[in-house]
Amino acid sequence: MSSFPVRQASSLEGDPQLMIDERKRKRMLSNRESARRSRIRKQRHLDDLINQEAQLKNQNGKIAMQINLVTQKHTKVEAENAILRAQVSELTERVRSVNSVLHFFEGVSGMTIDTPKMPDPLLKPWQLPSAAQPIMANADIFQL
């Protein structure tokens, strides 16, 4: 029996066509295995991309919701600021009117009345005419 494997080996070595066929068969098997691994890698990559797409869509939806909330809050604050600016302007005009009456009274009566200087609310909106008495405003009175 020891001569059989030798004969087998010698028969492959002796026949060049069998050696070429064996190499082709091994190369074909190797190529099939390589193609299989490549398909598996490609499928894994596709699955990863699909998962990433789902995560990004989820994040995009959350960010869009946050943007909507912030936009709504911004719109509300802008409306409240417009109301407060209108109230400051109206109150400033009232104080100017009262100061005008007081100046007229000073001129007629001869008495000296201390009237505070009015800051321009448009140039310095944080410097209100009477900081000791805050203006109480409610934005809800203008909502429909």
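**Exercise 1. Find how far the predicted model can be trusted.**
Task: State the average pLDDT of the protein chain, then locate stretches where pLDDT falls below 50.

Solution.
- Step 1. This is a predicted model. Its protein chain averages a pLDDT of 80. A score of at least 70 is reached by 71% of the residues.
- Step 2. Look at residues 1-10. Their pLDDT is below 50. Beyond near neighbours in sequence, this stretch makes zero contacts in the model.
- Step 3. Turn to residues 129-135. Here pLDDT stays under 50 as well. The model gives this stretch five contacts beyond four places in sequence.
- Step 4. Where pLDDT is low, predicted coordinates should not be read in detail.

**Exercise 2. Describe the chain as a whole.**
Task: How many helices and strands does the protein chain have, and what share of its residues is buried?

Solution.
- Step 1. Count the secondary structure. There are two helices and zero strands.
- Step 2. Check burial. The protein chain has 144 residues, and 8% of them count as buried.
- Step 3. Add the surface. About 12900 Å² is exposed. Carbon and sulfur atoms supply 59% of that area.
- Step 4. Turn to contacts between residues at least 6 apart in sequence. Of these, 42% join residues at least 24 apart.

**Exercise 3. Follow helix α2.**
Task: What distance does α2 reach from its first C-alpha to its last, and which of its residues are buried?

Solution.
- Step 1. Set the limits. Helix α2 covers residues 16-109. That makes 94 residues.
- Step 2. Compare lengths. From first C-alpha to last, α2 reaches 133 Å. This is close to the 140 Å expected at 1.5 Å a residue.
- Step 3. List the buried residues of α2. They are I83, Q87, V88, T92, N99 and E106.
- Step 4. See what follows. G110 comes after α2, and its phi is positive, near 85°.

**Exercise 4. Explain the salt bridges along α2.**
Task: Why can R25 and E22 pair along helix α2? Then look for other pairs in α2.

Solution.
- Step 1. The structure holds five salt bridges. In one of them, the side chains of R25 and E22 meet at 2.6 Å, N to O.
- Step 2. Use the spacing. R25 and E22 are three residues apart in helix α2, so about one helical turn separates them. An α-helix has 3.6 residues a turn, so residues three or four places apart point the same way.
- Step 3. Check exposure. R25 is partly exposed, with a relative accessible area of 40%. E22 is partly exposed too, at 28% relative accessibility.
- Step 4. Take R37 and E33. Their closest N and O atoms are 3.8 Å apart. Both lie in α2, four residues apart, about one turn of the helix. R37 is partly exposed at 40%, and E33 is partly exposed at 30%.
- Step 5. Widen the view. E33, R36 and R37 are linked in a network of salt bridges.
- Step 6. Take E90 and R94. This salt bridge has its closest N and O atoms 2.7 Å apart. Again both residues lie in α2, four residues apart. E90 is partly exposed, at 42% relative accessibility.

**Exercise 5. Examine a charge without a partner.**
Task: Which side chain of opposite charge is nearest to E106, and how far away is it?

Solution.
- Step 1. Place the residue. E106 lies in helix α2.
- Step 2. Check its setting. E106 is buried, yet has no salt bridge.
- Step 3. Find the nearest side chain of opposite charge. It is R96, 15 Å away. A salt bridge needs the atoms within 4 Å.
- Step 4. Ask what E106 does touch. Leaving out residues up to four places away in sequence, E106 touches M111, T112 and I113.

Key
Residues are numbered from 1 along each chain as its sequence is written. Side-chain values use heavy atoms; hydrogens and water are left out. Buried means under 20% relative accessible area, exposed over 50%, partly exposed in between (1.4 Å probe, protein chains only). Lys and Arg count as positive and Asp and Glu as negative; His and the chain ends are not counted. Contact means heavy atoms within 4.5 Å. The expected span of a helix is 1.5 Å times one less than its number of residues. Accessible areas come from the Shrake-Rupley method with a 1.4 Å probe; for residues, only the protein chains shown count as cover. pLDDT is the predictor's confidence in each residue, from 0 to 100.
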